[in-house]
Structures are given as C-alpha cells and as structure tokens.
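Biologist: Before we discuss this model, please show me the sequence and the structure. I shall then ask what justifies each term you use.

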Protein chains: 2
Amino acid sequence: MGLEEDIQQKRFSTEYEKAAVNVLYTASWLHNLNAVRFKKHGITPEQFNVLRILRGSFPKALMLSDITCRMVDKSSNATRLVEKLRQKGLVNRETCPNNRRQVDITITEKGLAILTKIDNESEEWLATLKGITAAEAKELNRILDKLRN
Amino acid sequence: MGLEEDIQQKRFSTEYEKAAVNVLYTASWLHNLNAVRFKKHGITPEQFNVLRILRGSFPKALMLSDITCRMVDKSSNATRLVEKLRQKGLVNRETCPNNRRQVDITITEKGLAILTKIDNESEEWLATLKGITAAEAKELNRILDKLRN
DNA sequence: CTACAATAGTTGTATATACAACTATTGTAG
DNA sequence: CTACAATAGTTGTATATACAACTATTGTAG
C-alpha cells in the first residue's frame, strides 16, 4: 500500500513534497518497529542509540558532547538519556579527573550483554526490511544522502 | 556529506541497516526544517499536519478518529493536539448532535489563513529539497512505499 | 427491556524533544 | 594576576509520543 492510501491524502503538489512526507512517515514506521524490538530488553530506541555509540568507542569513554554529536537526533538530551541508562546499570559515568567540566561515560558489561542479545535477534528485524532488494537499499542511501546536501 | 560522517559511524553490517538509520536520520533533519518553517506561525509540525488534514475535508467536519488515522504519526494524541489548536482559535470542536460520543472538528478561517501563508512561503522550503532531481524523488517514493510492505 | 459488547474520546504517567537560562570550570587577553 | 570568554554539562518548561486505564454513549443478542 502506498503513502496516499496510508494517510488518505490524494494529491501532493510535487514529488518533492510527497517524498518529504514519505520519509517522515516511514521513519515513524521504523521507530515503532524498533520500539517493539527493544522493549523486551527494557530500553527505548533512543537509549539503544546511545548504547550503540558507547559500544563503538568501548573500552574508551566518551564525554557527553561526543555522544550528542553522534546521535541520530542531534537535539535529544544526552544528559537525561545517560542518567536513565545509569539507573539501569547499563553505563558508568564519572567526572573526568583532567577536566572537571567533562563527564566520562562508558558502557558496562550489562550494557554490552543487552546489545549482544539484540544483535542475535536482528535477523527477524532485517527480514522485515527485505521487501526491497539490496540494490534498492543502496540507492535509497544514495538518494537520502544527496537530499540532505 | 554522507550518513557515516554525520553520525560518525564507520561500518554498518548491511545496506539495510544503514538504510533504516538513514531514513530515521533524514526524518529528524526534515522535522527540524519544518519546525523552523512553522514556528513563525506559532504552530508545530504535528499541529500543521492536523490543520492540513482538516483543510482536506473542509468544510466538512472530521471526527477525532478520522484525524488520527490520516496522521503521519499514528500514535500521536489527536485529543490533545486539537485542544491546543482550539485554544489558538485555529479549529472548532463540538460534540456531534447525532452521536454524542463523537466530536466534530473543523478548521476555522484563521486556521485556513495560516495554511495559505505557509503555502506562499513553501518555495524556499522546496528549494532545500531540490538537491535531488524529480526523478530521484519519484524513485525515493517508490522504494519507501515498497520498503513498508 | 436488560446486560453487555462496541465505539469514541479523555486522562494519567513515563519517556523524549526543543529551547533557553543556568552553574561550574578552564583558558586567555591585557 | 584579573576579568571575561569559552567550554561542558544541568535544569526548567512547553510540546509531543506511547500506552494503559478510564468515562460516556450507542448498538445488539437474547
């Protein structure tokens, strides 16, 4: 079913306007899929994003601003997301001794274990994306990158 | 600049995973553009979406559930969005006399006037989307529609 | 007719985004 | 050295999403 049926809008003034709405609508669809996927592990898509970033630098710590600039959503509030993760024991946070303005964040073993579990379950999720071919996925990436420039 | 540089992630396990992140990232970028575009008119992107839906049926009223099922984000809370718009005088809402469970919502003249103003400013916004060709926009729409099925 | 299912919307709570004002610490021009 | 700019992060508030429990009204099986 195409976008027009999904949101019951017949006409878009241009293909560009339709593309913008389509990207937003598809992102909402993906976000919901992710929310379900991560829920059994007690984390949100945004918290998953932070954990994945921290795994990328593990065992090196990142400061909060490093996390923010790597996030999918730049204006999300890393302070509060990290605090949620800390309460669950998935990250450590401590003031950097060399520069007490900074806060060093590292992922814990428990955090890494959750990511490993999610990796092992990702086949099913990837299957839902395979309505398109690998070539189409590549073309999608190319067009989206070009759009933002 | 491609996705990898924007979020400083070097490798994705598949083109599919990268495409998923790319759609989410591009949607966040578009949402921010829209927020700026609508801000001078005192509405949010979500409120704009509701107004556009109501213009689509104008002068016929819609009930809340009609609005919800046409929205880009299906789980957003139409009750509260409509209440915000009513406080600004952009929509009317009254209990349906035939079925007092329903609430009939219509866009006001003031609401229509805001949409007209936004339409008149949309050239500039469309220009930011024209990094891709019309053919690429069409291909993007085709791939996104296919992805969701 | 009555009990109950279905429909339509509301409200409460946890989470997250958007933005601005704020504190604390560090760097540096003079 | 001192004043102030720059850096790093925190906190408050308005908005919106996600989900469940709730009220009110209407439809219908028996």
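Modeller: In this predicted model, Pro59(B) lies in the loop between helix 3 and strand 1 (62-63) of chain B.

Biologist: What makes the bond that joins Phe58(B) and Pro59(B) a cis peptide bond?

Modeller: Omega is about 0 degrees for the bond between Phe58(B) and Pro59(B), and that bond is cis. In chain A, a cis peptide bond joins Phe58(A) and Pro59(A), with omega of about 5 degrees. Pro59(A) is placed in the loop between helix 3 and strand 1 (62-63) of chain A. As a general rule, most peptide bonds are trans.

Biologist: Why is Phe38(B) called partly exposed?

Modeller: Phe38(B) has 19 other C-beta atoms within 10 Å. A residue is buried at 20 or more and exposed at 12 or fewer, so Phe38(B), with 19, is partly exposed. Phe38(B) belongs to helix 2 of chain B.

Biologist: Which residues does Phe38(B) touch, not counting those up to four places away in sequence?

Modeller: Phe38(B) touches Ile43(B), Thr44(B), Pro45(B), Phe48(B) and Ile118(B). Leu115(B) stands 77 residues from Phe38(B) in sequence, and their C-alpha atoms are 9.8 Å apart in space.

Biologist: Which residues have the most contacts inside the largest nonpolar core?

Modeller: They are Val23(A), Leu24(A), Val23(B) and Leu24(B), in a core of 68 residues. Because membership of a nonpolar core requires a residue to be buried, these four count as buried.

Biologist: What are the contacts of Leu24(B), leaving aside its neighbours within four places in sequence?

Modeller: Leu24(B) is in contact with Ala27(A), Leu30(A), His31(A) and Val72(A). Contact here requires C-beta atoms within 7 Å.

Biologist: How many residues does each chain bring to the contact between chain A and chain B?

Modeller: Chain B gives 46 residues and chain A gives 46 residues. On the side of chain B that touches chain A, helix 1 (3-7), helix 2 (15-39), helix 7 (122-129) and helix 8 (134-147) of chain B each supply at least two residues. Helix 2 of chain B provides the largest share, 16 residues. By class, that side has 23 nonpolar, 12 polar and 11 charged residues.

Biologist: What makes the relation between the two chains that of a two-fold axis?

Modeller: Chain B is superposed on chain A by a rotation of 180 degrees with 0.0 Å of shift along its axis, at an RMSD of 0.0 Å. That is therefore the relation of a two-fold axis. The same surface serves both copies, since 100% of the contact residues of chain B recur in chain A.

Biologist: How do you know which residues are closest to DNA strand D?

Modeller: A residue is near a strand if its C-beta atom lies within 6 Å of it. By that test 25 residues surround DNA strand D, the closest being Met63(A), Thr79(A), Thr44(B), Ser75(B) and Ser76(B). The residues of this surface comprise five nonpolar, 12 polar and eight charged. Around DNA strand C there are also 25 residues, of which Thr44(A), Ser75(A), Ser76(A), Met63(B) and Thr79(B) come nearest.

Biologist: What is the mean pLDDT of chain A, and which of its elements has the lowest?

Modeller: The mean pLDDT of chain A is 92, with 98% of its residues at 70 or more. Helix 1 (residues 3-7) of chain A has the lowest mean among its elements, 73, and helix 8 (residues 134-147) of chain A has the highest, 96.

Definitions and conventions: Residues are numbered from 1 along each chain as its sequence is written. Chains are lettered from A and ligands numbered from 1 in the order in which they are written. This is a predicted model: local features need pLDDT of at least 70, side-chain atom pairs count only at pLDDT 80 or more; totals for chains, interfaces and linings use all residues. A nonpolar core is a set of buried Ala, Val, Leu, Ile, Met, Phe, Trp, Tyr and Cys residues joined through C-beta atoms within 7 Å. Two residues are in contact if their C-beta atoms, placed from the backbone, lie within 7 Å. Ala, Val, Leu, Ile, Met, Phe, Trp, Tyr, Cys and Pro count as nonpolar, Asp, Glu, Lys and Arg as charged, and the others, Gly among them, as polar. Helices (H or I, at least four residues) and strands (E, at least two) are DSSP runs, numbered from the N terminus. Copies are superposed by least squares on the C-alpha atoms of residues with pLDDT of at least 70 in both. pLDDT is the predictor's confidence in each residue, from 0 to 100.
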